[in-house]
Amino acid sequence: MTVYTNPEVRHDFVLLFDVRDGNPNGDPDAGNLPRLDPETMQGLVTDVCLKRKIRDWVDMTRGSEANMKIYVQHHGILNAQHQRAYDAIGEKSTGSKQNREIVDKARQWMCRNFYDIRMFGAVMTTGVNCGQVRGPMQLTFARSIDPIVPLDISITRVAITRVEDATTGEQGEGGKVTEMGRKALVPYGLYLGYGFFNPYFAADTGVSAADLEVFWEALQRMWDVDRSASRGMMACRGLYIFSHASPLGNAPADNLFKLITVKRRDGVKAARSFADYQVTINEEDLPPGVILTRLVG
């Protein structure tokens, strides 16, 4: 077991990833344009978006394993997942007024069998009551280093959607031959996010060293199984883990994060690649009891 896969100590980490000519996280309230901070014009990627990629990668690579199922998945029905726990422990659900001991048994079963519940937690009190879990692994929104320029580009399609649009008039002439569409993208953006692992919550949910190893691998490799027309060029550019000797931690996370700085290189007016940025790590001021591991970068 390596120091950064030890579930009995605290870990804080920094994640760097970039996008080129793509949309890392569309905002449904803004016509699917890339999310941004309207005051600074920095791009945003939500923690939920990052967790979705992690879940999908774990499901693709480990989903066949008994204790690596995914609770929040595409086309999933949460109450049906809850019912699986009651069927497994041989109990009958009576709704929100379920006996506390039975709820605890169901909750433990869910933690043992679902990876994302062990790591991220879940509220499982709807309908079939399996209790609540506070997850030990938490992520922040990721924010771009520099302001982004969200583009909304017109595209055309040669296929027509409706039959009646293809022809007009008695002779069937004058119909549409193309249809218009829109595609939102960012020319380039380098995003930085943070994460935190709490060993006390991990002991409650049953997180193992193997679970942590899967998590770090997912952060590095999930981009390759998440390709789409809008997310073709995304990659992990940095993953830096601060592992503490103590479960409570040996230094505030904010102080550790300040040891890593990312800035655009001098003379670069408009960044278009990761090479346009410089990452500086101040290991000399690393506090006693904290070990820094660079998995990427």
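Let's start with helix α2, residues 78–89. At 1.5 Å a residue, its twelve residues should span 16 Å, and the end C-alpha atoms are 18 Å apart, which agrees. The expected span here is 1.5 Å times one less than the number of residues. Helices (H or I, at least four residues) and strands (E, at least two) are DSSP runs, numbered from the N terminus.

Some ground rules. This is a predicted model, so local features need pLDDT of at least 70 and side-chain atom pairs pLDDT 80 or more, while totals for chains, interfaces and linings use all residues. Residues are numbered from 1 along each chain as its sequence is written, and side-chain values use heavy atoms, with hydrogens and water left out.

Back to α2. Which of its residues are buried? Q81, H82, A85 and Y86. Buried means under 20% relative accessible area, exposed over 50%, partly exposed in between, with a 1.4 Å probe and protein chains only. The buried four cover an arc of only 150° around the axis, so they sit on the same side of α2. That arc is taken from the directions from the helix axis to the C-beta atoms. The general rule: an α-helix has 3.6 residues a turn, so residues three or four places apart point the same way. The cover over the buried residues of α2 includes α3 (100–113) and β5 (121–124). After α2 comes G90, with a positive phi near 70°.

Next, the cores. A nonpolar core is a set of buried Ala, Val, Leu, Ile, Met, Phe, Trp, Tyr and Cys residues joined through side-chain atoms within 4.5 Å. The largest has 38 residues, and F13, M137, F215 and W216 touch the most other members. Elements that each supply at least two residues include β1 (11–22), α1 (47–62), β10 (179–197) and β11 (234–244). Which element gives the largest share of this core? α7, with six residues. Another core lies apart from it, with 20 residues, among them L190, L256, V268 and A271.

Now the cysteines. How many disulfides does the structure hold? Zero. The cut-off is a pair of cysteine sulfur atoms within 2.5 Å. C111 is in no disulfide, and its nearest cysteine sulfur, that of C130, is 9.9 Å away. C111 counts as buried, at 3% relative accessibility. For C236, the closest cysteine sulfur is in C49, at 14 Å, too far for a bond. C236 is buried too, with a relative accessible area of 13%.

One lysine to look at: K53, in helix α1. Buried or exposed? Buried, because its relative accessibility is 5%. Leaving out residues up to four places away in sequence, K53 touches P24, M222, W223, D226 and R231. Contact means heavy atoms within 4.5 Å.

Last stop, strand β4, residues 42–45. Q42 and L44 point one way, G43 and V45 the other, and all are buried. β4 pairs with strand β8 (residues 142–147) in the antiparallel sense, over three bridges. Pairing takes at least two DSSP bridges between the strands. V45 stands opposite A142 in β8.

V45 also leads us to L192, in strand β10. The two are 147 residues apart along the chain, yet their C-alpha atoms are separated by 9.3 Å. L192 is buried, with a relative accessible area of 11%. Beyond its neighbours within four places in sequence, L192 is in contact with residues including V14, L16, F141, A142, I145 and V262.
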